[in-house]
Amino acid sequence: MNKFRGFVIKEFFHIFRDVRTMIILFGMPVMQMLLFGYVITNEIKEAKIAILDHSRDHVTTELSRRIVASSYFQLAQVLDHDKEILDVFRKGDVKEVIVFEADFAEKLEKTGQAKVQILGDASEPNTAKILVNYTTGILMSYIQELNTQTELPLRIDPVTTMLYNPQMAGVYMFVPGTIAMLLMLICALMTSISITREKELGTMELLLVSPLKAFQIIVGKVLPYVFLGFINAVTILLLGNFVFGVPIQGSVILLLLESILFIIMSLSLGILISTLTNSQQIAMMVSMVALMLPTILLSGFIYPVENMPKILQYLCYIVPPKYFIIIVKNIMLKGTGMEYVWKETLIIIGFTMVFLLLSIRKFKIRLA
Amino acid sequence: MATQEKVIKVINLVKKFGSFVANDHLTFDVFRGEIFGFLGANGAGKTTAIRILCGLSYPTSGEVTIDGLDIYRQREQIKKRIGYMSQRFSLYDDLTLGENIRFYAGVYGLSREDIRQRTAALVDKLELHAIEKKLIRELPPGWKQKLAFSVATIHQPGIVFLDEPTSGVDPITRRQFWEMIYDKAGEGMTVFVTTHYMDEAEYCGRVSIMSEGKIHALDTPAQLISKYNVRNMDEVFLRIARNIEAV
């Protein structure tokens, strides 16, 4: 045990004496978190819209007022004719046009049905989709109010409700994704670098000649990073909570335990990478390119998996962060417990086992 | 110092990498307490052999025992009895000398009291008081090699394997380095050293000369010099190289 403690202490010396390591470990999480939180966000504020109101009655006026009053939209122009619509889109400022049909209020009262046309500028498909959703949301909530006021027989209306993230705040989505990406990147990157560094320096041979067992060497190398990765996870959660106001609805302890599990999985991936190469640079490249891109693109972090071609969707199943993101979303935003995330938890445990088994096999082959 | 007790026994050691034969039926013994020189040009297969003796890789076939222990089955026991210093400098350069010593000594299971005493003894002997607290990377290169040797033998192993310990080191440091080796051998430690500097061969008790995976000569330097009727080990080596070419 004494041997092992000395080993871990040595590892901490390596970490704390290397400025680059310290920057990656502690600077990167905070920077990335702030970047993702503030810059890359799905949220749209004060998008310019135009309204073409053929009716101009009390209902359409109220609806227009509500739409414009929301922080998502800003009324850029009031239109008078249909033919103006294309012009405003072509100019490019206006992202959405809302058209109320003639006699809107009257039709609504008499037939219970009135038409509103929402035109989005789909040259920016994501933005358009989000704007249309926002608008429908506002219209729906108004109709719901009307329904409760009148004694008309209840009619089924397509009501879209944004559960768990009622304001559709983008940052809610980014916190789980960012935690997954950062933990994965830092843990895999740091372990693969620190192990390949010993190989490059030739100190790995000394360790292998020593009475330390192979698993002691590996555990000794990664243990400090479990600890530091955990500190990172806590930092990110605190930043998310205090800076961006992302709530933690579920059990904090469960969330932290799941984070530790994910950290261990990332570390075993880092070990696997380091068994494949002897060079720090290759280890770094592999960790950065091979881990970061799939994490961002295929984990459902930014782009919904459902919208991808089938082949890519299958590929997504083998991207470990995908499962961790589901777990974090469930616990943080929905407040659910283990009963809803056990499957994902098992999958992550499975990944960890596979990575470790492959590493051990690789390790033995190399020794022979 | 050299005894007749065989501390390393190698019989028909073969190591192949694919179709390449790195060690071709090596057979030799090393006696306890002797300085055994394992000589050969770069690529002769010295490092492959020393790695097998240290347990860093398995032979393809052949028998090897270290201190009476079998390298296939008793590897863990062997590890406790040997020290190893690789051709690349191998102390951690972001740790101080003291930290390096504590780390390696800890790995070999020395008690804290032992570590403290041995560190103090080493610092006194090599007069390291001024540099004990400095990071290794701040030390002059000549020092590093000597310290690496001291650290590799901090647990007083019965046998120490040195793989090209003096490559790229200036002559004065090499001289001092060999004095340290003599010191350890004087204490009864068996020293197994590979080198491609032929002048160093004359410091060894016995030498083997290896080329293309085979051992071509094994004897004391004096015997080899008289056998080939030349003036020094350099010429012995040239003779052997020519003989191989002639065949």
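**Exercise 1.** Which residue forms a salt bridge with B:Arg81, and how far apart are the closest N and O atoms?

*Solution.* The model is predicted.
Step 1. The partner of B:Arg81 is B:Asp67, with the closest N and O atoms 3.5 Å apart. A salt bridge requires a nitrogen of Lys or Arg within 4 Å of a carboxyl oxygen of Asp or Glu.
Step 2. Place both residues. B:Arg81 lies in helix 2 (residues 75–81) of chain B, while B:Asp67 sits in the loop between strand 4 (61–66) and strand 5 (69–70) of chain B; the two are 14 residues apart.
Step 3. Assign the exposure. B:Arg81 has a relative accessible area of 36% and is partly exposed. B:Asp67, at 23%, is partly exposed.

**Exercise 2.** Determine whether B:Glu200 and B:Arg174 are buried or exposed, after locating their salt bridge.

*Solution.*
Step 1. The closest N and O atoms of B:Glu200 and B:Arg174 are 3.0 Å apart, in a salt bridge.
Step 2. B:Glu200 belongs to helix 7 (residues 198–201) of chain B and B:Arg174 to helix 6 (residues 171–186) of chain B, with their positions 26 residues apart in the chain.
Step 3. Buried means under 20% relative accessible area. Both B:Glu200 and B:Arg174 are buried.

**Exercise 3.** Describe the salt bridge of B:Lys6 and the surroundings of both partners.

*Solution.*
Step 1. The side chain of B:Lys6 meets that of B:Asp29 at 3.5 Å, N to O.
Step 2. The pair joins strand 1 (residues 6–17) of chain B, which holds B:Lys6, to strand 2 (residues 20–31) of chain B, which holds B:Asp29, 23 residues apart.
Step 3. B:Lys6 is partly exposed at 43% relative accessible area, and B:Asp29 is partly exposed at 23%.

**Exercise 4.** Characterise the interface of chain B and chain A.

*Solution.*
Step 1. In contact are 31 residues of chain B and 27 residues of chain A.
Step 2. About 2600 Å² is buried between the chains, 58% of it from carbon and sulfur atoms. On the side of chain B, B:Leu56, B:Tyr92 and B:Val107 lose the most area, together 21% of what that side buries.
Step 3. Count the polar links. There are 3 salt bridges between the chains; one pairs B:Asp94 with A:Arg197 at 3.8 Å between the closest N and O atoms. The interface also has 8 residue pairs in polar contact, both residues at pLDDT 80 or more.
Step 4. Helix 3 of chain B gives the most to the side that touches chain A, with 5 residues. By class, that side of chain B has 15 nonpolar, 6 polar and 10 charged residues.

Terms used:
Residues are numbered from 1 along each chain as its sequence is written. Chains are lettered from A and ligands numbered from 1 in the order in which they are written. This is a predicted model: local features need pLDDT of at least 70, side-chain atom pairs count only at pLDDT 80 or more; totals for chains, interfaces and linings use all residues. Side-chain values use heavy atoms; hydrogens and water are left out. Helices (H or I, at least four residues) and strands (E, at least two) are DSSP runs, numbered from the N terminus. Buried means under 20% relative accessible area, exposed over 50%, partly exposed in between (1.4 Å probe, protein chains only). Contact means heavy atoms within 4.5 Å. Buried area is the accessible area (1.4 Å probe) that two parts lose on being put together, summed over both. A polar contact is a pair of N or O atoms within 3.5 Å; within protein, one must be able to donate a hydrogen and the other to accept it, and residues adjacent in sequence count only if both atoms are side-chain atoms. Ala, Val, Leu, Ile, Met, Phe, Trp, Tyr, Cys and Pro count as nonpolar, Asp, Glu, Lys and Arg as charged, and the others, Gly among them, as polar.
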